[in-house]
Amino acid sequence: MVQAAVFALSGSVALLGDALHNAADALTAVPLGVAFLLGRRAATRRYTYGYGRAEDLAGVVIVLTIAASAVPALYAAVDRLLHPRDVSHLWAVAAAALVGFLGNEWVARYRIRTGRRIGSAALVADGLHARTDGFTSLAVLLGAGGSAVGWRAADPVVGLLITVAILLVLKDAAREVFRRLMDSVDPALVAAGEAALRGVPGVRDVGQVRMRWIGHALRAEADIVLDPQLTLARGHRIAVAAEHALIHGVPRLTAATVHLDHTPEDGGADPHAALAHHAPAR
């Protein structure tokens, strides 16, 4: 609000771009907060995994909000380059830029600290986004300084640079949201899960291990190979131990489904043969 009021007073398009960027950053907290509230709801027979995916939908809204903030900032900067105009009240522009930097840094620290505490990559990324916004606020100071020494193009040039910064943040945010929607996980987490499973007594080998984020928690599916002579009860105990090892070995993992397989028996048929014709074509 302070930056918008100073823009109306001074006509600084660099400050306008920063104000729009900061407003977009503030608005991104709304869908993220709604997603966190939805994520607390218990699973139902329709939403059997719960409502954690609301965080991914919030990510889409955040990307669209950031994109929308770039359009008016770009238009105003280009228009000012084509139709130059002096910027007035430079002291107010500089003060508003400094306020924007301090406000963004405070928000960034709070979001990053909270995100790391609860294990939310989205909230940490949003905090880093706010920190980037703080540095774009400092760029407005450069524009005010250029205008003060008589360089009329300084303000719209800084406005264009801020638009570029918005687009770079947009690219990174869109990439992270796309990866989350496609169930992307850090390969190091999969490797940590495989190592944890191999350390469980009774596990002879580890098959496929898959993970996905649901909100800011991980779920896993894993295949383990056991001795074919084990009793059902013993096999179940090993499966429970395997899930326990995964939960302790992989950060933010809350549950896992463990499938039991066994080493081939002499002359025995493949127990998965009945599923062969259901396998997807490769």
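Biologist: Where is Thr263 found?
Modeller: This is a predicted model, with residues numbered from 1 along each chain as its sequence is written; local features need pLDDT of at least 70, side-chain atom pairs count only at pLDDT 80 or more, and totals for chains, interfaces and linings use all residues. Side-chain values use heavy atoms, without hydrogens or water. Strands here are DSSP runs (E, at least two residues), as are helices (H or I, at least four), numbered from the N terminus. Thr263 falls in the segment after strand 3 (253–262).

Biologist: Which residues does Thr263 touch, not counting those up to four places away in sequence?
Modeller: Touching means heavy atoms within 4.5 Å. Thr263 has four such partners named here: Arg204, Val225, Leu226 and Pro228.

Biologist: What separates the C-alpha atoms of Thr263 and Asp227?
Modeller: Along the chain, Thr263 and Asp227 are 36 residues apart. In space, their C-alpha atoms are separated by 6.1 Å.

Biologist: How many Å apart in space are Ala217 and Thr254, C-alpha to C-alpha?
Modeller: Ala217 lies in strand 2. Thr254 is 37 residues from Ala217 in sequence. Their C-alpha distance is 6.4 Å.

Biologist: Which residues does Ala217 touch, not counting those up to four places away in sequence?
Modeller: Thr254 is one of the partners of Ala217. With the arginines added, the list reads Arg212, Arg252 and Thr254.

Biologist: What is the orientation of helix 7 to helix 8?
Modeller: Helix 7 (residues 187–198) packs on helix 8 (residues 232–249) at about 140°, axes 8 Å apart. Axes are lines fitted to C-alpha atoms over the stretch in contact, with angles from 0 to 180 degrees between N-to-C directions. Under 35 degrees is roughly parallel, over 145 roughly antiparallel, 65 to 115 roughly perpendicular, the rest oblique. So helix 7 to helix 8 is oblique.

Biologist: Which residues of helix 8 meet helix 7?
Modeller: Helix 7 brings Ala192, Gly193, Ala196 and Leu197. The helix 8 side is Ala242, Ala245, Leu246 and Gly249.

Biologist: How many residues of the contact of helix 7 with helix 8 are charged?
Modeller: Ala, Val, Leu, Ile, Met, Phe, Trp, Tyr, Cys and Pro count as nonpolar, Asp, Glu, Lys and Arg as charged, the others, Gly among them, as polar. The contact has six nonpolar residues and two polar. Charged residues: none.
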